[in-house]
Amino acid sequence: MSQWKQIQQLEIRLLEHVDYLYDDNFPMDIRQGLASWIESQDWDTAVNDESMAAVMFTNLLSQLDRVRSQEQNFLQRHNMKIIQQQLQLKYTTNPAIMARVISTCLREERRILSSACTEEQGPLEKSLQNSVAFERQKNMDNRVGIIRGSVQLMDQAVKYIEDMQDDFDFRYKTLQSRESSDRNSETMKQEVTKLQEMLNRLDFKRKEILSKMDVVIKEIDDLVTSQLNPELQDWKRRQQIAAIGGPLLTGLDQLQSWFTLTAQSLFQIKRQLDKLGELVVKVTYESDPIPLQKPQMEERVKFLIYHLIKSSFVVEKQPCMPTHPQKPLIIKTGVQFTTKVRLLVKLPEVDYQLKVKTTFDKDLPPGRVSRQFFILTNNTKVMDIEDYSNGCLSVEFRHLQLKEKKYINGTKGSEGLLSVTEELHSLSFEACFTVQGLTIDLETCSLPLVVISNVSQLPGGWASVMWYNLLTDEPRNLAFFGNPPRANWSQLSEVLSWQFSTFAGRGLNKEQLTMLGEKLFGQHASCSDYQVSWSKFSKENIPGKPFSFWMWLDSILELIKKHLLPVWNENYIMGFVSKEMERALLKDREAGTFLLRFSESHLGGITFTWVEYSENGDAKFNSVEPYTKNRLSALPFADIIRDYKVISDGVIPENPLKFLYPNIPKDEAFGRLYNSQPSKFYPYISSTLIPISELRPNASTTPPSCQSPQPPMTPGEFDMLCFDLGDMNSP
């Protein structure tokens with residue numbers, strides 16, 4: 001079943017999350033109309049290959065032409081034409097952006113499907129869902145809308161005061177121009193009385209508008225303090241969680257709308273105060289409220305504008321190497337990385353180009369880290385208005401590169417106690433501009449980075465990134481690993497499951513997480529509230545093994561991603577079951593029943609164990625030597641299961657694997673995964689690699705792992721072995 005068909009069968013709660021994925025950047029109409037074609041393309045690779053992205057973009061437009069020409073409904077054809085034109089405007093100059101959007105949507109769909117397979121959501125995801133509650137957003141929309149409405153009404157009130165003052169000014173000047181002989185007349189007295197009434201009315205209106213302004217300014221101040229800033233902090237926290245595989249990050253466009261509307265209201269109030277200042281120049285009087293109240297109100301408005309714009313300067317995309325898009329915040333020296341900053345306030349005017357400068361480890365105290373770096377490439381760019389993101393100002397640095405500083409004495413300074421992957425760094429962004437006479441200094445920074453010099457350090461670096469972003473919401477705690485806090489297993493296990501859904505398409509179920517917990521704490525530990533130390537997770541070796549828990553788990557992730565995806569996504573790999581548990585599960589099962597689990601003794605290895613019975617009914621368990629990436633590169637795992645043979649006591653080799661646990665016939669489970677493609681080298685006869693093991697004649701009840709040749713045998717080698725065995729067993 002296609003991924004899109006599975007999505008459509010989800011419950012409404014999960015379909016709401018799917019709805020978040022699709023907007024004008026990638027309309028759901030396209031996902032629906034081109035579902036099969038979209039899922040068959042390699043969008044992940046196209047993200048980092050501009051020429052490939054360009055070809056795929058052209059192909060997508062061609063596919064849309066085909067679907068549109070076959071559409072019978074006139075309205076649908078019209079809508080698809082509009083969508084096609086919009087895509088051409090957005091992505092013709094940079095099709096890699098489209099590839100990134102589609103890749104993200106497909107990955108998040110898989111993650112949503114994965115969460116649907118889990119009985120219940122973890123504590124992190126629940127808290128994140130609560131934080132983006134629709135009711136809270138609705139309340140924000142209402143408050144921002146009320147403020148905008150009040151400010152618009154004040155515009156009308158200021159205009160009314162201006163008209164009233166112009167009328168007063170005209171009558172006053174007319175009265176002054178009269179002859180002195182008329183000033184004591186009854187008519188003149190009536191005019192003076194009327195002017196006094198107009199002045200009293202004008203004074204009342206001035207006090208009234210200033211009072212209304214004061215109320216609105218206080219309302220904006222409260223909105224920013226109590227709701228807008230917390231919403232921004234909540235988005236930043238969700239960005240941290242999304243960076244380590246959590247739910248899709250949404251809400252930035254909504255934040256931009258709130259920030260922009262609030263800023264527009266403040267700019268409008270500032271213009272209204274400026275207008276009131278102009279009116280005072282023309283008409284003023286004793287106890288005039290405008291000169292008394294305007295300066296203080298202006299300062300409050302400027303203060304709010306300044307801090308609103310400063311806080312709206314955010315890192316939209318955290319630093320990430322294009323070669324590892326799913327592992328942000330890890331930078332390798334000499335390798336280009338990208339990042340993007342955005343201003344959430346649409347500015348009415350800027351006096352000059354808004355240049356953004358990026359700096360590495362800005363203001364870091366001397367001796368804080370053992371290694372120091374500088375940005376090798378151009379670190380200054382101009383912010384541009386993006387049409388496809390509602391006209392916001394943003395800038396994307398696509399070709400940043402780090403280089404380590406050289407030291408005169410040949411050393412790198414005082415070596416700290418932290419390893420390379422625990423040493424945190426920061427990327428800062430600065431800008432300065434003037435808007436409506438107000439100079440604003442902008443500064444923001446990325447989340448802490450891990451800098452590596454070798455790809456072998458990538459797993460350790462990713463462990464540090466996960467641990468930091470799981471356990472703290474501080475944006476720049478570079479001393480975090482000086483004394484890292486412990487993690488609750490309930491939250492850590494959720495993050496580990498996200499790694500499998502992100503990199504392997506399907507997360508871990510409750511049973512698999514329980515097995516992992518037992519691997520980490522022992523079988524008798526209560527995993528739910530158990531706390532894990534950083535050292536136990538990533539630094540200490542598993543008892544009796546030369547590697548840590550995370551290195552073991554990361555090697556399994558790599559193995560699945562590169563060699564086991566079809567089998568993993570069919571949910572056929574039990575995975576983390578111990579040897580003791582597998583024997584308990586296979587005991588009393590039909591002979592030839594087998595299960596698949598990851599090796600506990602090898603990094604990145606998978607094995608299978610089957611059960612058979614002796615003449616007296618005793619169960620015997622046989623485990624094949626684990627298959628690692630080197631051997632799986634030669635033969636797909638499903639084909640290994642299909643063709644696997646065992647030689648025992650000179651008996652004709654046979655496949656002992658009959659039923660996938662608990663009782664699924666082998667071919668029924670793996671049949672559609674077998675590689676049955678004909679040979680590409682016609683007219684040569686196709687050949688098959690046969691994995692084979694030899695059981696020793698004097699094997700014990702629970703023999704050691706069956707040794708399998710490396711690489712698997714060709715048919716010719718297999719025939720020669722059978723011939724030799726036949727000679728050995730002959731008289």
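Let me start with strand β20, residues 659-660, which pairs with β21 in the antiparallel sense over two bridges, and I should say at once that this is a predicted model. Within that pairing, the residue in β21 that serves as the bridge partner of L660 is I664.

These two strands belong to an open sheet of five, with mixed pairing, and the order across it is β18-β17-β16-β20-β21. Which strands stand at the edges? They are β18, residues 619-623, and β21, residues 664-665, and because each has a single partner strand, one side of each is left without a neighbour in the sheet.

Two helices can be placed against this sheet. Helix α18, residues 549-569, packs on the sheet and touches β16, at 593-598, and β17, at 606-613, while the direction of α18 makes about 150 degrees with that of β16. Helix α19, residues 579-586, lies across β16, β17 and β18, and α19 runs at about 160 degrees to β16.

Let me turn now to another sheet, which is open and consists of three strands in the order β2-β13-β10, again with mixed pairing. Here the edge strands are β2, residues 330-332, and β10, residues 424-425, each of which pairs on one side only. As a general reminder, strands of a sheet pair through backbone hydrogen bonds, in either a parallel or an antiparallel arrangement. How many bridges join β2 to β13? There are three, and the two strands, with β13 covering residues 449-452, run parallel. If you would like a residue to look for in the structure, I330 stands opposite V450 in β13.

Terms used:
Residues are numbered from 1 along each chain as its sequence is written. This is a predicted model: local features need pLDDT of at least 70, side-chain atom pairs count only at pLDDT 80 or more; totals for chains, interfaces and linings use all residues. Side-chain values use heavy atoms; hydrogens and water are left out. Two strands pair if DSSP finds at least two bridges between them. Helices (H or I, at least four residues) and strands (E, at least two) are DSSP runs, numbered from the N terminus. Contact means heavy atoms within 4.5 Å. Axes are lines fitted to C-alpha atoms, for helices over the stretch in contact, and angles run from 0 to 180 degrees between N-to-C directions.
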